[in-house]
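Let's take a friendly walk through this structure together. Keep the sequence and the 3D view at hand as you read.

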Amino acid sequence: MIMSMCRKICVTNRGLAVHDFSEQIKRVLDTEPYGIILREKDLSEEDYSILAEQVAELCHGTETKLILHSFPEVADKLGIRALHMPLHKFLEMPKMQKKKFSALGVSVHSLMDAVSAEKGGATYLTAGHIFVTDCKKGLAPRGLEFLEEVCRSVSIPVYAIGGIHEENMDSCIHAGAAGVCMMSEYMKLW
């Protein structure tokens, strides 16, 4: 059960969901996370748009922020003002497009990435991967020192990602993170 008092963001992955995806999202929403990043990188823009509309409907009336991933046009079309991007795509976004969003998150994997994303207009970062995770098999985690360094180097909120679970999330907060992002913990909720 997901209990810590830190700010939690669910990062979706339909492939890991133990229930039908809509049912899984309902279960996630029952835990009242701060946000849901609808990641689903395997989908075309058209299919992503359909799924985003369904998830937006599920999130409607909750306190959970829906954050779309990689498709600014879909977010704009649906009136969703929170977007998460990989760094390279974020840096290519025109300034006028960035201005359409009140929350612009960027995934970072180095201190240089973090500084670059903040200078580019990011309003928050996800930094990782912090701990060993099946999502990054064979890649050594960057660890809590990396997280602490990123948090000290930027003035925007940083969320830890990668191998986060109930037993280690508080260590991320102690390292300076504003919260944590979790995929498996949420996609495997019963």
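Where does Glu40 lie? Glu40 sits in the loop between strand 2 (35-38) and helix 2. Please bear in mind as you look that this is a predicted model.

Is Glu40 buried or exposed? Its relative accessibility is 4%, and because buried means under 20% relative accessible area, Glu40 counts as buried. A charged residue such as Glu invites a look at its surroundings. The side chain of Glu40 is joined to that of Arg14 by a polar contact of 2.5 Å. Leaving aside residues up to four places away in sequence, Glu40 touches Thr12, Asn13, Arg14, Phe21, Tyr48 and Leu51.

Two of those neighbours, Phe21 and Leu51, lead us to a pair of helices, since both residues also take part in the meeting of helix 1 with helix 2. Helix 1 covers residues 21-30 and helix 2 covers residues 45-59. They pack at an angle of about 35°, and their axes are 10 Å apart. If you turn the view so that one helix lies over the other, you can look for the right-handed crossing that helix 1 makes with helix 2. On the helix 1 side, the residues in contact are Phe21, Ser22, Ile25, Lys26 and Leu29. Helix 2 meets them with Leu51, Val55, Leu58 and Cys59. Sorted by class, this contact has 7 nonpolar, 1 polar and 1 charged residues.

Now for the salt bridges. How many does the structure hold? There are 6. Staying in helix 1, you will find Arg27 in a salt bridge with Glu23, with the closest N and O atoms 3.0 Å apart. Arg27 and Glu23 are 4 residues apart in helix 1, so about one helical turn separates them. Arg27 is partly exposed at 25% relative accessibility, and Glu23 is partly exposed at 30%.

Another pair of this kind is in helix 7 (residues 143-153), where Glu148 and Arg152 are 4 residues apart and therefore separated by about one helical turn. Their side chains meet in a salt bridge of 3.4 Å, N to O. Glu148 is partly exposed, with a relative accessible area of 35%, while Arg152 counts as exposed at 61%. Salt bridges that share partners also join Arg14, Glu40 and Asp42 into one network, which brings us back to the Glu40 where we began.

One more salt bridge is worth finding in your viewer: Arg81 pairs with Asp76, and their closest N and O atoms are 3.2 Å apart. Arg81 is partly exposed, with a relative accessible area of 34%. Asp76 is partly exposed too, at 29% relative accessibility.

Our last stop is His84, in strand 4 (residues 82-86). Is His84 buried or exposed? At 2% relative accessibility, His84 counts as buried. What does its side chain meet in a polar contact? The partner is the side chain of Ser107, at 2.8 Å. Beyond residues up to four places away in sequence, His84 touches Ile37, Ile67, Leu68, His69, Ser70, Gly105, Val106, Ser107, Tyr124 and Thr126. Try displaying those residues around His84 to see its surroundings for yourself.

Terms used:
Residues numbered from 1 in each chain as written. Predicted model: local features only at pLDDT ≥ 70, side-chain atom pairs only at ≥ 80, totals over all residues. Heavy atoms only, no water. Axes fitted to C-alpha atoms, helices over the stretch in contact; angles between N-to-C directions. Helix = DSSP H or I, 4+ residues; strand = E, 2+ residues; numbered from the N terminus. Left-handed = near helix turned anticlockwise from the far one by under 90°. Contact = heavy atoms within 4.5 Å. Buried < 20%, exposed > 50% of the residue type's maximum accessible area, 1.4 Å probe, protein only. Polar contact = N/O pair within 3.5 Å; in protein donor to acceptor, adjacent residues only side chain to side chain. Salt bridge = Lys/Arg side-chain N within 4 Å of Asp/Glu carboxyl O.
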